[in-house]
There are 2 protein chains.
Amino acid sequence: MTDHAKQAQASAGDPIVLIVDDDPSMRRALTNLFQSVGLKVEAFSSAAEIMEAKPPAVPSCLVLDIRLPGSSGLDLQADLAKANIHTPIIFITGHGDIPMTVRAMKSGAVDFLTKPVRDQDMLDAVQAAIERDRKRRDAEKSISGVRSRFEGLTARERDVLVLVASGLMNKQVAAELGLAEITVKIYRGQIMRKMEAKSLADLVRMTDALGIPRNRGHLQT
Amino acid sequence: MTDHAKQAQASAGDPIVLIVDDDPSMRRALTNLFQSVGLKVEAFSSAAEIMEAKPPAVPSCLVLDIRLPGSSGLDLQADLAKANIHTPIIFITGHGDIPMTVRAMKSGAVDFLTKPVRDQDMLDAVQAAIERDRKRRDAEKSISGVRSRFEGLTARERDVLVLVASGLMNKQVAAELGLAEITVKIYRGQIMRKMEAKSLADLVRMTDALGIPRNRGHLQT
DNA sequence: CTACGGCACAAACCTACGTATAGCTCGCGC
DNA sequence: GCGCGAGCTATACGTAGGTTTGTGCCGTAG
């Protein structure tokens with residue numbers, strides 16, 4: 001646990017592989033494999049165990065035996081999704097079937113490897129999974145700042161933002177909201193400052209990134 | 001062939017299922033199944049045969065036996081991808097294995113069903129696949145207009161568009177391109193007219209939809 | 001050679017945008 | 001009750017955006 005906490009605080013570019021397998025020899029073998037290529041590793045023996053640990057703060061992936069004590073690997077995948085944890089998952093299985101594979105892949109698994117697993121296949125899969133997680137984290141981080149700035153807007157500023165980002169002129173926004181044009185201008189200035197947008201183009205992209213619906217869809221996007 | 005052409009000209013909301021299977025009884029069974037729920041069907045007996053037919057112009061999906069005479073279903077999937085045909089694919093297999101399944105799913109297959117296939121499973125999969133294709137076509141159509149308008153811009157207009165959509169002021173665009181500000185203004189007006197953008201917000205969204213790179217990334221999107 | 005389209009600029013003019021300064025009401029917390 | 005922030009407006013001024021009209025150069029297709 002202390003170990004885990006320490007690793008979670010490591011530099012953001014230092015990925016970690018999380019292993020969940022009830023077979024100690026398998027855990028050991030995988031741990032050795034990953035450490036041999038310089039990857040950090042954290043091993044768990046059950047689904048419950050990893051659900052208790054806090055989600056890693058660095059690019060990471062899960063290597064998951066599909067057959068686990070208690071809940072299956074697919075259940076764990078579903079639980080993680082429900083908990084809004086999107087760490088990429090690589091499944092390994094000794095006796096999986098095709099419907100199981102399809103379900104896992106449909107739910108977003110990166111790969112599904114059959115025992116005996118070739119070392120290179122596993123490393124390739126982990127490489128791809130970590131890369132995917134890194135990209136997801138980068139994207140997440142980039143909008144989190146925008147989102148928190150948006151939270152800092154007042155209700156009226158948000159009203160104005162929606163309409164301005166829809167492409168309406170100040171006077172149209174004013175008419176829409178029953179305001180004077182000057183009022184819209186002032187809010188607009190406050191919005192630009194608070195959102196740290198250097199241009200209208202910036203602001204438009206921010207609202208799109210936040211998924212803010214446009215008031216009038218003039219464009220066929 | 002004449003039949004096929006006629007069907008391809010049917011109303012855009014009238015989906016079609018394309019079947020590729022070398023077993024005539026399977027083709028017949030699937031055809032009956034799909035027709036029983038009101039779906040149009042076109043059956044082929046080999047990969048080569050369907051590659052010759054022109055891609056359908058309506059929402060559609062492929063039902064593909066993984067083992068085909070000549071090339072396998074996976075090869076056909078790869079060939080279609082290379083030919084830039086993105087019709088969703090549902091595989092059926094009598095004796096597939098997990099690596100095959102993983103490869104198919106990674107390459108974007110909608111589903112991978114094992115024989116004997118339950119009718120309801122097949123219909124559900126086809127339903128999902130057609131829905132996916134419909135969405136993809138809608139998205140495609142919505143940007144195709146924007147793209148063709150962009151093609152109609154002159155080289156210089158595109159230069160200006162990139163910088164304007166990056167959020168630069170006219171004078172900055174002018175400096176960047178070594179032009180007078182008035183010239184930029186005039187191009188800008190032409191761009192708005194040619195692109196049929198009613199506002200700068202529109203224009204920004206169009207450039208983003210076209211995947212036009214921004215000159216200076218001021219924003220963390 | 002001429003016509004046409006792309007490219008570039010200028011003067012004049014109008015509209016839209018943005019900020020500063022100032023003043024008002026309302027509701028909330030101390 | 002007082003301060004405070006949100007909300008709203010006005011006057012005034014300066015900058016940015018946008019169109020019109022007109023001019024000129026260049027290359028190329030007819």
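**View 1. The loop that holds B:Asn84 in the predicted model.** B:Asn84 sits in the loop between helix 4 (73-82) and strand 4 (89-93) of chain B, where helices (H or I, at least four residues) and strands (E, at least two) are DSSP runs numbered from the N terminus. Although B:Asn84 is not a glycine, its phi is positive, at about 65 degrees. This is a predicted model, in which local features need pLDDT of at least 70 and side-chain atom pairs count only at pLDDT 80 or more, whereas totals for chains, interfaces and linings use all residues. Residues are numbered from 1 along each chain as its sequence is written, chains are lettered from A and ligands numbered from 1 in the order in which they are written, and side-chain values use heavy atoms, with hydrogens and water left out.

**View 2. The cis peptide bonds that precede A:Pro116 and B:Pro116.** In chain A, the bond that joins A:Lys115 and A:Pro116 is cis, with an omega of about 0 degrees, and A:Pro116 belongs to the loop between strand 5 (111-114) and helix 6 of chain A. In chain B, the peptide bond from B:Lys115 to B:Pro116 is cis, with omega near 0 degrees, and B:Pro116 lies in the loop between strand 5 and helix 6 of chain B.

**View 3. A:Glu196 and its salt bridge to A:Arg149.** A:Glu196, in the loop between helix 9 and helix 10 of chain A, has a positive phi of about 55 degrees although it is not a glycine. Its side chain meets that of A:Arg149 in a salt bridge with an N to O distance of 3.7 Å; a salt bridge is counted when a side-chain nitrogen of Lys or Arg is within 4 Å of a carboxyl oxygen of Asp or Glu. This pair links distant parts of the chain, 47 residues apart, with A:Arg149 in helix 6 (residues 119-151) of chain A. Over all chains, a search of the whole structure finds 24 salt bridges.

**View 4. The two domains of chain A.** An automatic or database domain assignment provides the bounds, and chain A is divided into domain 1 (2-142) and domain 2 (152-209). The centres of these domains, taken over C-alpha atoms, are separated by 43 Å.

**View 5. The interface of chain B and chain A.** With contact meaning heavy atoms within 4.5 Å, 34 residues of chain B are in contact with 34 residues of chain A. The two chains bury about 2800 Å² between them, 63% of it on carbon and sulfur atoms, where buried area is the accessible area (1.4 Å probe) that two parts lose on being put together, summed over both. Between chain B and chain A there are 4 salt bridges, including one that A:Arg205 forms with B:Asp208, the closest N and O atoms being 3.0 Å apart. On the side of chain B that touches chain A, at least two residues each come from helix 5 (98-106), strand 5 (111-114), helix 6 (119-151) and helix 10 (200-209) of chain B. Helix 10 of chain B supplies the largest share, 9 residues. By class, this side has 13 nonpolar, 12 polar and 9 charged residues, with Ala, Val, Leu, Ile, Met, Phe, Trp, Tyr, Cys and Pro counted as nonpolar, Asp, Glu, Lys and Arg as charged, and the others, Gly among them, as polar.

**View 6. The protein surface near DNA strand C.** A residue is near a strand if one of its heavy atoms lies within 4 Å of it, and of the 16 residues around DNA strand C, A:Arg188, B:Thr154, B:Arg156, B:Ala180 and B:Tyr187 come nearest. A phosphate oxygen of DNA strand C is 2.7 Å from an N or O atom in the side chain of A:Arg188, and a backbone N or O atom of B:Ala180 lies 2.8 Å from a phosphate oxygen of the strand. Of the atoms of DNA strand C within 4 Å of the protein, 67% belong to sugar or phosphate and the rest to bases.

**View 7. The protein surface near DNA strand D.** Among the 17 residues around DNA strand D, those that come nearest are A:Thr154, A:Arg156, A:Ala180, A:Tyr187 and B:Arg188. Polar side-chain atoms of A:Thr154 and A:Thr183 lie 2.4 Å and 2.9 Å, respectively, from a phosphate oxygen of DNA strand D. The surface residues divide into 8 nonpolar, 5 polar and 4 charged.

Technical notes:
Polar contact = N/O pair within 3.5 Å; in protein donor to acceptor, adjacent residues only side chain to side chain.
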